[in-house]
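Student: I would like a close look at a single part of this structure. Please take me through one sheet slowly, and then say how other parts are arranged.

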Amino acid sequence: MTKKADKTDAGELLAKAYEFADVEKKWYAEWQKQKKFRATMDETRPSFSIVIPPPNVTGVLHVGHALNNTMQDVLVRYKRMQGCNTLWVPGTDHAGIATQNVVERQLASEALTRHDVGRDKFIERVWQWKAQSGGQIINQLKRLGCSCDWERERFTMDEGLSRAVRTVFTRLYREGLIYRGDYIINWCPRCHTALADLEVEHEATDGKLYKIRYPYATGHGAIVVATTRPETMLGDTGVAVHPDDERYSSLPENAVILPLVNRKIPVVFDDQVEREFGTGALKVTPAHDLNDFEIARRHDLPCIKVMDDHGRMNVEAGPYAGLDRFECRKKIVEDLRDQGFLEGIEDYQHGVGHCYRCGTVIEPYLSKQWFVSVKPLAAKAIDAVKNGDIRIHPKTWENTYFDWMYNIRDWCISRQIWWGHQIPAWTCEACGELTVSETDPPHCPKCGSGQLLQETDVLDTWFSSALWPFSTLGWPDETTELKFFYPTSVLITSFDILFFWVSRMIMMGIHFMGEVPFRDVYLHALVRDAQGQKMSKSKGNVMDPLLVMDKFGTDALRFTMTAFAAQGRDIRLSEERIEGYRYFINKIWNASRFALMHISDCDPAITRDLTTEGLGLAHRWILSRLNRTIAEVHRSFTDYRFNDAASAMYQFVWHEFCDWYLELIKPELFSEEAETKQRARAVLLTVLEAVIKLLHPVIPFVTEEIWHVLPGERQSIMTEPYPEENAAWHDPEAEATAQLVMGIIGGIRNIRSEMQIHPSARIEAIVICHDQLRKSRIEGHGAAIKGLTRTDSLTVRSEGHGPKGAASYLFEDIEIFVPLAGLIDVARELDKLAKEEAKIEKQLRQSQGKLANEKFMNNAPADVVRKEQEAVTTLAATMRKIEESRKRLQEIGG
């Protein structure tokens with residue numbers, strides 16, 4: 001889009017107030033219309049690519065998404081302006097369990113279950129739901145300003161990714177890295193599926209430790225075992241003790257009778273038994289505990305499952321069959337007590353695993369599952385981080401990564417649900433042959449029968465996600481996209497899926513592509529509330545980014561997220577902080593309006609090859625400071641120090657460009673001398689253009705709007721080159737001199753403010769500076785100092801003392817004095833202070849009284865108490881300030 005800025009009235013070029021809602025809708029639609037987000041593949045340019053961490057198709061935008069995707073978009077826009085072939089691949093995850101639960105709830109409202117409609121019809125219903133309601137988060141990401149290449153949007157169950165999944169599964173199976181076997185898995189009786197270890201949330205729970213007597217088979221004596229799950233004893237096939245445990249060094253025999261069941265089971269010696277737990281004797285229940293399963297394999301003990309997949313006792317539980325597992329526990333304890341086998345019950349706190357989706361207590365369960373043997377894959381993934389092929393930011397997370405990878409267990413990839421990638425394995429009903437294939441086999445390769453039954457389980461959602469960096473670029477085909485954009489440049493994601501997702505992408509990328517999937521991994525922290533509490537619906541402290549954008553604008557939210565995204569540090573988010581950055585957006589808007597009053601009719605050519613020759617101090621200073629800021633922003637983005645980049649921009653734009661430079665050059669902008677005015681306009685336009693481009697990756701909407709009203713024909717700012725350092729602008733002397741001049745101006749202004757001197761009053765200022773070089777610099781810029789402080793007389797001396805009856809200010813080692821005679825009425829000011837002190841003292845006593853009141857402290861809400869504590873702190877500080885002002889006035893009054 002081009003626009004000729006030929007008007008001269010700044011009010012016509014930019015509205016008085018920044019109306020972000022209209023601007024955001026206009027420019028996002030324009031960017032999409034002009035296909036500004038489309039990836040380029042030019043062999044003469046470097047490439048930069050990111051794949052989005054695919055949000056669940058069921059998801060809605062939360063503050064974590066807002067943080068994650070803002071940082072990604074900042075980098076993508078930055079690299080696009082640097083001229084890179086830039087690709088940001090968007091997409092969503094099919095989210096197996098979560099999506100199935102949504103549709104199952106729909107069916108439940110119709111008094112139906114998925115079993116009532118059957119698998120095929122149920123899958124149809126899920127696809128219908130996705131078409132109607134799924135992907136809502138994609139539109140919300142657009143609302144955030146994300147510049148993804150939406151023409152390349154992917155879904156983890158689309159046709160291309162499904163083919164990649166089948167190819168990977170088949171190859172791993174043929175390489176012997178996927179197998180099917182009995183294993184203890186984490187089973188959710190509610191979701192009816194296996195869960196990976198990290199999908200189990202462990203909660204400290206106050207439970208009981210039951211001590212049970214297992215009589216020796218001879219009837220003389222007993223071994224006492226301790227357990228938190230007595231219902232599982234029905235499946236015991238042995239008792240284990242440590243071979244070095246002296247308590248069991250001379251057993252009368254090596255067999256005991258299982259209480260209630262009256263089954264004879266052996267006593268075995270195993271090094272893995274914890275001698276410190278309970279009595280040191282461990283009941284071995286191989287079908288319902290992982291450690292017991294491993295002990296049973298070492299000692300050839302049988303496995304007996306006593307529960308079904310609903311968490312109810314099965315026929316192997318004998319008289320307890322049909323009972324819920326927790327009902328069975330009560331009954332077992334009751335029967336043990338009645339029959340004299342219960343030795344005792346103790347209170348015991350322990351970690352109990354819960355399903356991460358529904359919160360149900362999980363059950364360790366022996367089941368036939370599909371697994372990936374990951375040890376061979378993990379070795380190369382460890383080396384990739386060790387040798388620097390992949391860099392993790394912050395580096396502190398590397399130890400966590402190594403710890404997980406060195407202790408990795410085989411990955412259970414099968415899930416007993418319907419929505420997901422159905423495992424591409426078929427069993428011949430005629431001969432039992434198992435066939436794994438990338439395509440549906442027409443018949444059994446062994447016997448030729450057409451009676452093939454496909455595995456009903458689906459793959460873990462993370463399996464397809466692990467292929468995301470290369471499957472989204474067209475693999476298993478050899479595509480141009482893979483050539484240009486793999487490996488991807490950086491992955492930005494949350495630290496809590498370092499193992500779930502990041503490590504698995506690394507393993508799969510190296511194995512199938514022969515190269516790491518990304519060069520850098522940036523792990524961002526959590527977004528918390530203003531008090532540092534984790535956001536949750538139960539606490540009522542959740543902040544909805546969509547509502548925040550409606551209230552303050554998208555750019556304000558984006559800048560806030562960027563400004564607080566310090567590596568390894570959680571973000572404390574509040575509306576007050578976002579509102580503060582909305583003021584920053586408004587500051588930029590108003591500064592641009594002011595600038596346009598003077599540059600709207602400029603020829604943009606005046607900025608070309610701008611040199612500092614003949615320029616005054618203010619111009620040389622701002623160009624040098626701009627140069628430093630550009631360098632710091634580049635360094636910060638390169639090192640993923642988003643907060644430092646935002647801080648550098650904020651400091652320069654607000655405190656240097658707006659607060660000082662625009663003030664310093666006003667006399668030149670209004671000058672009658674054409675050459676002076678033209679130089680000022682040239683530098684102003686140069687700096688403003690650089691500022692708008694510098695800010696664009698973080699606040700794209702307001703910068704695009706301002707860019708199009710600057711003089712000349714203009715294309716989208718997205719395609720403008722990002723500002724680069726200019727060695728000719730580097731001027732440390734100008735920076736030092738300007739800092740000195742601004743320090744003097746600030747000191748005089750401070751005195752005017754503190755002493756409440758009327759703004760229109762003309763004053764006298766005396767400066768004592770012992771350093772001759774700095775003294776001469778102050779004298780050389782006396783006119784600017786006087787003009788910006790409404791000072792009639794400025795005296796600069798190298799020795800002496802300040803006059804009596806003068807207010808003073810110390811800037812570094814330079815003393816600044818302003819005589820107050822005739823400017824203020826000391827007696828009147830002291831009287832005003834006394835009245836203010838009385839009022840503040842009364843308020844302070846009231847707040848202190850509340851905090852000293854035990855009833856108030858015990859009954860008032862925490863936020864009310866906190867406000868009173870903050871009030872005491874603020875009021876006490878005000879009292880100290882009043883006392884300082886009184887002393888200063890008394891000194892002046894003599």
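Student: In S11, which residue is the bridge partner of Val241?

Tutor: The model is a predicted one. In it, Val241 has Phe269 in S11 as its bridge partner. That pair belongs to the contact between S9 and S11, which run parallel and are joined by three bridges.

The sheet around this pair is open and has four strands, in the order S10-S11-S9-S12, with mixed pairing. Its edge strands are S10 (255–258) and S12 (281–284), and each of them pairs on one side only. From one strand to the next, the twist averages 30°.

Take the pairings in turn. S10 pairs with S11 (residues 263–269) through four bridges, in the antiparallel sense. Within this pairing, Ala255 stands opposite Pro266 of S11. S9 meets S12 on four bridges, also antiparallel. There, Gly238 stands opposite Val284 in S12. The parallel pairing of S9 with S11 completes the set for this sheet.

Next, look at the two faces of S9. In a regular strand, side chains alternate between the two faces of the sheet. In S9, Gly238 and Ala240 lie on one side, Val239 and Val241 lie on the other, and all of them are buried. Both faces of S9 are therefore covered. Helix H9 (residues 290–299) packs on the sheet and touches S9 (238–241), S11 and S12. The direction of H9 makes about 85° with that of S12.

Now for strands elsewhere. Strand S14 (residues 363–372) is mostly covered, with nine of its ten residues buried. S14 is joined to strand S5 (residues 178–188) by ten bridges, and the two run antiparallel. Asn186 stands opposite Pro364 in S14. S14 also has two bridges to strand S16 (residues 411–412), again in antiparallel fashion. In that pairing, Val372 has Trp411 of S16 as its bridge partner.

The cysteines come next. A disulfide is a covalent bond between the sulfur atoms of two cysteines. A search of the whole structure turns up zero of them. Cys84 is in no disulfide, and the nearest cysteine sulfur, in Cys148, is 17 Å away. Cys84 has a relative accessible area of 10%, so Cys84 is buried. The sulfur of Cys146 has its closest cysteine sulfur in Cys148 at 5.2 Å, which is too far for a bond. Cys146 is buried too, because its relative accessible area is 0%.

There is also some enclosed space. Searching the whole structure gives two cavities of 30 Å³ or more. The largest holds about 60 Å³ of space. Its lining includes Gly96, Ile97, Glu199, Tyr356 and Arg415. Helix H4 (96–109) and strand S21 (458–459) each supply at least two residues of that lining.

One glycine ends the tour. Gly118 is in the loop between helix H5 (114–117) and helix H6 (119–132). Gly118 has a relative accessible area of 23%, so Gly118 counts as partly exposed. In sequence, Gly118 and Trp418 are 300 residues apart, yet their C-alpha atoms are 9.9 Å apart in space.

How values were computed: Residues numbered from 1 in each chain as written. Predicted model: local features only at pLDDT ≥ 70, side-chain atom pairs only at ≥ 80, totals over all residues. Heavy atoms only, no water. Pairing = 2+ DSSP bridges. Axes fitted to C-alpha atoms, helices over the stretch in contact; angles between N-to-C directions. Contact = heavy atoms within 4.5 Å. Disulfide = S-S within 2.5 Å. Buried < 20%, exposed > 50% of the residue type's maximum accessible area, 1.4 Å probe, protein only. 1 Å grid on protein atoms, 1.4 Å probe; cavity = no way out; pocket = protein on both sides within 12 Å on 5 of 7 lines; lining within 4 Å. Points joined across faces, edges and corners; volume = space filled by probe spheres on them.
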